[in-house]
Amino acid sequence: MFLAFDTSGPIGAVAVALGSEVLARAVVLGQTSHAAMLIPTIREVLEDAGVDREEVTDVLVGEGPGSFTGVRVAAATAKGLGHALD
């Protein structure tokens, strides 16, 4: 089960997939709101897919090119989720 997100551009994206099948996805509009909206959007996408966070086996993050702050928000969120989900 993959959780993927990218906040390097003006439109952020979050998706959850099982293999190559995307189960749910959402966009985060407004680059200035990526940091505030990323975790709630991740929660929403997991709920929409009917996936419990403990089912996530891999976290994928977009690495840009794009906004340094946006890349840093995604990377820090992924690192935190990785630690929390072991």
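Reader: Which residue stands opposite F5 in β2?

Author: Happy to start there, keeping in mind that this is a predicted model. Strands of a sheet pair through backbone hydrogen bonds, either parallel or antiparallel. Here the residue opposite F5 is V14 in β2. Strands β1 and β2 (residues 11-18) run antiparallel, joined by five bridges.

Reader: In what order do the four strands of the open sheet stand?

Author: The order is β3-β2-β1-β4, with mixed pairing. At the edges you find β3 (21-29) and β4; each has a single partner strand, so one side of each has no neighbour in the sheet. On average, neighbouring strands are turned by 15° against each other, direction ignored.

Reader: Which strands do α1 and α2 touch as they pack on the sheet?

Author: Helix α1 touches β1, β2 and β3, and its direction makes about 155° with that of β3. Helix α2 touches β1 and β4, with about 160° between its direction and that of β1.

Reader: Let's stay with α2. How does its end-to-end span agree with what its 18 residues should give?

Author: Count 1.5 Å a residue: helix α2 (residues 68-85) should then span 26 Å, and its end C-alpha atoms are 25 Å apart, which agrees.

Reader: And which residues of α2 are buried?

Author: First the general idea: an α-helix has 3.6 residues a turn, so residues three or four places apart point the same way. In α2 the buried residues are G70, V73, A74, T77, A78 and L81. Seen down the helix axis, the buried residues fall within an arc of 125°, so they line one face of α2. They pack against β1 (2-6), α1 (34-49) and β4 (58-61). On the face turned away from this buried side are the exposed residues F68, A76, K79 and H83.

Reader: What can I look for at the two ends of α2?

Author: At the start, a side-chain oxygen of S67 comes to within 3.3 Å of the backbone nitrogen of T69. After the helix comes D86, with a positive phi near 60°.

Reader: One last residue: is T7 buried or exposed?

Author: T7 lies in the loop between β1 and β2. Its relative accessible area is 1%, and because buried means under 20%, T7 counts as buried. The T7 side chain reaches the backbone oxygen of G70 at 2.5 Å. Leaving aside neighbours within four places in sequence, T7 is in contact with G12, H34, L38, G70, V71, V73 and A74. Of these, G70, V73 and A74 are among the buried residues of α2.

Key
Residues numbered from 1 in each chain as written. Predicted model: local features only at pLDDT ≥ 70, side-chain atom pairs only at ≥ 80, totals over all residues. Heavy atoms only, no water. Expected span 1.5 Å × (residues − 1). Buried < 20%, exposed > 50% of the residue type's maximum accessible area, 1.4 Å probe, protein only. Arc of directions from axis to C-beta. Contact = heavy atoms within 4.5 Å. Polar contact = N/O pair within 3.5 Å; in protein donor to acceptor, adjacent residues only side chain to side chain. Pairing = 2+ DSSP bridges. Axes fitted to C-alpha atoms, helices over the stretch in contact; angles between N-to-C directions.
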